[in-house]
Amino acid sequence: MPVVKAVTCPVCGSVCDDIELTIENGNIVKVKNGCAMCESKFLGYNGEHRVLKPLIRKNGELVKASAREAIKKAAEILVEANYPILYGWSSTSCEATRVGIELAEEVGGVIDNTSVVCHGPSLLSIQEVGVPSCTLGQIRHRADLVIYWGSDPWSAHPRHIERYTNFSEGRFEKSEWMGYIDKIKAFIARKKIESVIRRLFLKKKSTAPSPHLEKDVCPAISKEGRKLIVVDVRKTRSAEIADYFIQVEPNKDYELLQAFRALIRDQEIDVDKIAGVSVENLEEVADAMIRCHFGALFFGLGLTMSQGKLRNIDAALSLVRDLNMRTKFVIMPMRGHFNVTGANTVSTWQTGYPYAVDFSLGYPRYNPGETSVVDVLLRRESDAALIVASDPVANFPKKAVEHLVKNPLIVIDPHMNATSQLADVVFPSAFVGIEAEGTAYRMDHVPLPLKKVVDPPRGVLPDEEILRRILSETRKIKKRKQEAS
Amino acid sequence: MSGHSKLRVTLLTGRTIEQGVGKERGKASKEYMESVSVCYMDAEDLRKLGIKEKANVLVSTNYGSVVLKALKSLRAPHIGVIYVPYGPWANAVVNPETHSIGMPSLKGIPAQVEPAIDKPLLNMQELLKKQFGKK
């Protein structure tokens, strides 16, 4: 059976490019090196939830239609609209996004990508403060202190720690994987011994602390080698494997970040606790930050979605800027979808702005809060929408969705999702990275090729081709209208 | 505290690995629904409500309410904090306020949770029909 090596995974922002797929009779039958999400996608993408024919809503029901009919209907909707939304783009190729921007300009709409509900505040803050960053390869080889703040890579980027940080084998920094395994083995052995003693002496259940709880009562970060610190509101799975875990109270990240900034500058803090964490513990961590040779701070939606939003990111970026006066430190947002970075990058090339770009005046305008898609929907201004490779009905607040589904809605997506179920026109598309080629940008802005490893179902086109056809039809309709008038 | 009371909590939404696997399998899949129509609660909060794991609870905020299945959190202790994975069920109760920067407030929302043993957990189609009148 043919094995395709070095396949790029089209799931999360880690964009692992070491996946090996075994193909049999045109189907993927085995996945090697992938995480649970990667396996779920490569083995389950072609399941019963796949859309195989274009659908058009007639008399309240979605019915099958020809591709030509669906293209015509979609183009008519976009031409008729005064202020359409073109949204999604993070789970498709850069090439498709490029056509999407051309279409947005053609129909005078607002084009926005999913960063508006994930790392939009990070982009705003980076524009204000700047971002000292690097590639994940440098972090893999050099970082001796890694912090995940408001991010749970174990759940959202399952191979991030293994490929790029503490459990990766770098040139100058070694993997901590075996050390972690030893720690777990020691913990299990201790529990077994305690259990035997308890049974022998019929003692009550011991309240011996777990290895993770031990860290709470012993805050010193004194181990040799790479250190992993997690800051979160819950003890996430990533927190369990960390060397040190800081449990911050919800919506208090800003205070904690500013406290670290003060400590880094050797300023005294007059209170005992900040954001639920003792200042003594914060001093230990601040000391570890200063003492490291190469630190990396990864932050997630715990910062961008909580109270403060972009101001939390301002504080995080400023903390890293301060740290660079004492040592070497970098910072990076943990981007969610595999090509959300690409969507921002292409949008910036083409329009000057990374997301929330409004073409209604004929030229690109950018003012998140006004031109961002959730705000447009909340103000009930849009009158049609084209959704590409995304599911806003499952990701936007109810009030925004109410307006989205009230107006004509076009969806291009391989699967039937919540948005497609409420759409007026649904296009099935080929899975980019499985059935279609393209380019994706990893979270550190490294572009990687997405491979085509199997053929799409007959008649199912890639996003880029569907968009080109809609664009072409849109131009034809506009031309006819101009000639008629 | 007696059972069948209401608890004031802080609502967090976010990712779980089960939700990640479910969404890649397909948003119409059973795995996806089961991974996102749940509410992870601290065992102490379940006790305060007088309910057992897998009982239905009604989560309400200023922006709406939704019935979810309560699960005991493995990420405890987080008394007074409930966690609902991203998805259509969470969207029914999150704060749409973008504070003029485009990003709704999806974490740290004041909420109330109460037992809802007699209220059904809606599936995707029922939920969409109830919320938006389309399916």
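Helices here are DSSP runs of H or I with at least four residues, and strands are E runs of at least two, numbered from the N terminus. The model is predicted.

**Exercise 1. Describe the fold of chain B, from its elements to its overall dimensions.**

Step 1. Count the elements. Chain B has 5 helices and 6 strands.

Step 2. Put them in order. From the N terminus, chain B reads β-α-α-β-α-β-β-β-α-β-α.

Step 3. Test compactness. The radius of gyration of chain B is 14 Å, close to the 14 Å from the globule rule for 135 residues, so chain B is as compact as a globular protein of that length.

Step 4. Take the spans. Along the principal axes, the C-alpha trace of chain B covers about 40 × 35 × 30 Å.

Step 5. Check burial and contacts. Of the 135 residues in chain B, 55% are buried. Among contacts in chain B with a separation of 6 or more, 72% join residues 24 or more positions apart.

**Exercise 2. Determine how helix α1 of chain B is placed, and what it packs against.**

Step 1. Apply the cut-off: a buried residue has 20 or more other C-beta atoms within 10 Å of its own.

Step 2. List the residues that pass. In α1(B) these are B:Gln19, B:Gly20, B:Val21, B:Gly22, B:Lys23, B:Glu24 and B:Arg25.

Step 3. Draw the conclusion. Helix α1 (residues 17-25) of chain B has 7 of its 9 residues buried, so it is largely enclosed by the rest of the structure.

Step 4. Find the partners. From chain A, α1 (36-44) and α6 (153-156) pack against the buried residues of α1(B). From chain B, α2 (30-36) and β5 (81-85) do so too.

Step 5. Look just past the helix. There, B:Gly26 adopts a positive phi of about 145°.

Methods
Residues numbered from 1 in each chain as written. Chains lettered and ligands numbered in written order. Predicted model: local features only at pLDDT ≥ 70, side-chain atom pairs only at ≥ 80, totals over all residues. Buried ≥ 20, exposed ≤ 12 C-beta atoms within 10 Å, placed from the backbone. Contact = placed C-beta atoms within 7 Å. Rg over C-alpha atoms; globule rule 2.2 N^0.38 Å.
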